[in-house]
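Here are my notes on the model you sent over. I've put them as numbered points so you can check each one against the structure.

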Amino acid sequence: MAIEVTYRWTRRLSMRIVKGGDVHVSAPFGMPKAEVVRFIKEHRDWIVKARKKTDERQKRRAAFYDQLPLQTKTQKQEAASRLQALIEPMVEKHAGIMGVKPAAIRYKPMISRWGVCNIKDKSISFSSYLLLLPAWCVEHIVVHELCHLLEPHHNIHFYGLMDKYFPRWKEARKKTLENIWMCGENALPLPTTITELTPN
Ligand SMILES: [Zn+2]
């Protein structure tokens, strides 16, 4: 485990656990090192607990993605064609209603994102792992990416479009996350804590 301290324009010390279990500390510019070290030592218990939680979360994510093996070329192609069969009619339906037209639709074994909309060339890529979600969750992601053709940013206008074209988007987003959180042996209810803390 590594501890990394970054000095920034911040008024308080804070820390978080990053991928792999390392600890990232943010400290205000000019704060003496001894004070930062004391902060880290004082929160040793928090670090242990938070790292354990991060580890469990990563295991659940791995268990989720492992459900769809995509190592071989055949597996990837099969997944892509199954996904295409699922998504194409959804795109057709919603793009028609919304009056948008994606220039290209691609299917990729992406892990970190369900979909990506390239605003410049108006192409959309969907993750093969969408096959692991209930159809209505997939549909919500399809509408989300199509909305990006109308609004690139996640702002009020964007969520207004989601309200209009997929009113149950909040519920679908929650369900999508739950599909990952509930996966594997260490399945836990949705976390409610934020991995950041304020010094006393
Ligand atoms: Zn988005």
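**Notes on the model**

1. Overall shape first. A compact globule of 200 residues would have a radius of gyration near 16 Å, whereas this chain comes out at 21 Å. Keep in mind that we're looking at a predicted model. Along the principal axes, the C-alpha atoms fill a box of roughly 60 × 40 × 30 Å.

2. Burial and contacts. Just 18% of the 200 residues in the chain count as buried. Looking at contacts with a separation of 6 or more, 53% are between residues 24 or more positions apart.

3. Now the order of elements. There are six helices and six strands in the chain. Reading from the N terminus, they run β-β-β-α-α-α-β-β-β-α-α-α.

4. How is the chain divided into domains? Domain 1 covers 3-66 and domain 2 covers 73-181. Their centres, taken over C-alpha atoms, are 33 Å apart. As for contacts across the two, four residues of domain 1 meet six residues of domain 2. On the domain 1 side, the touching residues are two nonpolar and two charged, with no polar ones.

5. On to the sheet with β1, β2 and β3. It's an open sheet of three strands, in the order β1-β3-β2, and the pairing is mixed. β1 (3-8) and β2 (14-17) sit at the edges with a single partner strand each, so each has one side without a neighbour in the sheet. On average, neighbouring strands here are turned by 20 degrees against each other, ignoring direction.

6. Here's the pairing in more detail. As a reminder, strands of a sheet pair through backbone hydrogen bonds, and they can do this parallel or antiparallel. This sheet has examples of each: β1 runs parallel to β3 (residues 23-28), joined by six bridges, while β2 and β3 are antiparallel over four bridges.

7. If you'd like to find the register by eye, try these pairs. Val 5 stands opposite Val 25 in β3, and Arg 8 stands opposite Pro 28 in β3. Ser 14 also has a partner there, standing opposite Ser 26 in β3.

8. The hairpin of β2 and β3 is worth a look too. Five residues lie between the strands, and Gly 20 takes a positive phi near 90 degrees in this hairpin.

9. Which residue has a positive phi although it is not a glycine? That's Lys 122, with a phi of about 55 degrees. You'll find Lys 122 in the loop between β5 (115-118) and β6 (123-127). It has 14 other C-beta atoms within 10 Å; exposed would need 12 or fewer and buried 20 or more, so Lys 122 ends up as partly exposed.

10. Last one: is Arg 44 buried or exposed? Arg 44 has 9 C-beta neighbours inside 10 Å, so it counts as exposed. Arg 44 lies in helix α2, which spans residues 44-66. For a sense of distance, take Arg 44 and Ala 62: they are 18 residues apart along the chain, and 27 Å separates their C-alpha atoms.

Terms used: Residues numbered from 1 in each chain as written. Predicted model: local features only at pLDDT ≥ 70, side-chain atom pairs only at ≥ 80, totals over all residues. Domains from an automatic or database assignment. Contact = placed C-beta atoms within 7 Å. Nonpolar A, V, L, I, M, F, W, Y, C, P; charged D, E, K, R; others polar. Helix = DSSP H or I, 4+ residues; strand = E, 2+ residues; numbered from the N terminus. Pairing = 2+ DSSP bridges. Axes fitted to C-alpha atoms, helices over the stretch in contact; angles between N-to-C directions. Rg over C-alpha atoms; globule rule 2.2 N^0.38 Å.
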